[in-house]
Amino acid sequence: MDLGLKGRRAVITGASRGIGRHIAATLAAEGVDLAICARGEPGVDAAKKELERAGVRVFAKAVDVGDGAALRGFIEESAQALGGLDILVSNVSASAGQGEAAWRANFEVDLMGTVRACEAALPHLAKSDAGSIVVIGTTAAIETFGAPGGYGALKAALVNYASGLAHAVAKQNVRVNVVSPGPVYFEGGAWAMIQKAMPAFYEATLKACPQGRMGTPEEVARAVAFLASPAASLITGENLVTDGGFTKRVAF
């Protein structure tokens, strides 16, 4: 299947490592020019050099997504550097944590980071003939998992926001969808750390995975690439759960 991505222009937040990095690499392999950001400049620079090997243009900048002014500025610079935007992938998360500070971090980074990125990108996406927004969610938003906290609750808010936004901008030819991964394992990632620090919890979670394994960043990235592409032109307002059957809900 030709996804129709060659020559498209995408912004990806949190693209220096993990799922974001693999999303960037998957889109680059499809011929998409990229604008990427993350908080750490060394990681952003390393990602830029690697992604450019695919023969695409890459604009990269160290940005704290929790800083609204910096994020909006990055989106504008990205549009200028790439000559417009077709795709926005909002991937950054403050991750799970307990206490009020963690709730505030999830609010500013996960929720408002996505809202601000969407608001800044929409004027550019509306000029595309196939504008697309993909928000990276989590299965913790649709099913109780672990201790209660801001991560799952505010990711759940993102699913609602994305659905409302999808309906609001459909006539501008912009689609909005969510990809919600289940447990995803990669070296240096959250589950690799949990495996060492909380082996019993890790093993219990692994046992709950029907396929006998956790997901990979590459598998999530492929789902994102499809939803972001013109090949998914009839899909909007959806939450695509990519978890190998980890959640037990029945979605009619």
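User: How do the residues of the lining of the largest cavity divide into nonpolar, polar and charged?
Analyst: This is a predicted model, where local features need pLDDT of at least 70, side-chain atom pairs need 80 or more, and totals for chains, interfaces and linings use all residues. Numbering runs from 1 along each chain as its sequence is written, and side-chain values use heavy atoms, without hydrogens or water. The lining is made of Thr139, Ala140, Glu143, Thr144, Phe145, Phe246 and Thr247 (an atom within 4 Å of a point on a 1 Å grid). With Gly counted as polar, the split is 3 nonpolar, 3 polar and 1 charged.

User: How much space lies in the largest cavity?
Analyst: A cavity is space where a 1.4 Å probe fits but cannot get out. The count is 1 cavity of 30 Å³ or more. The space in the largest cavity is about 40 Å³.

User: Which helix gives the most to the lining of the second largest pocket?
Analyst: This pocket (open, with protein on both sides within 12 Å along at least five of seven lines) has a volume of about 170 Å³. Its lining has 14 residues, with Gly215, Glu219, Thr242, Asp243 and Gly244 nearest the centre. They divide into 5 nonpolar, 6 polar and 3 charged. The top contributor, giving 3 residues from the stretch 217-228, is helix α8.

User: Why does Cys37 have no disulfide, and which cysteine sulfur is closest?
Analyst: A disulfide needs two cysteine sulfur atoms within 2.5 Å, and the count here is 0 disulfides. Cys37 is buried (under 20% relative accessible area) at 1%, and Cys209 is also buried, at 6%. Cys37 makes no bond because its sulfur is too far, at 13 Å, from the closest cysteine sulfur, which belongs to Cys118.

Technical notes
Buried means under 20% relative accessible area, exposed over 50%, partly exposed in between (1.4 Å probe, protein chains only). Grid points are joined across faces, edges and corners, and a volume is the space filled by probe spheres set on the points. Helices (H or I, at least four residues) and strands (E, at least two) are DSSP runs, numbered from the N terminus.
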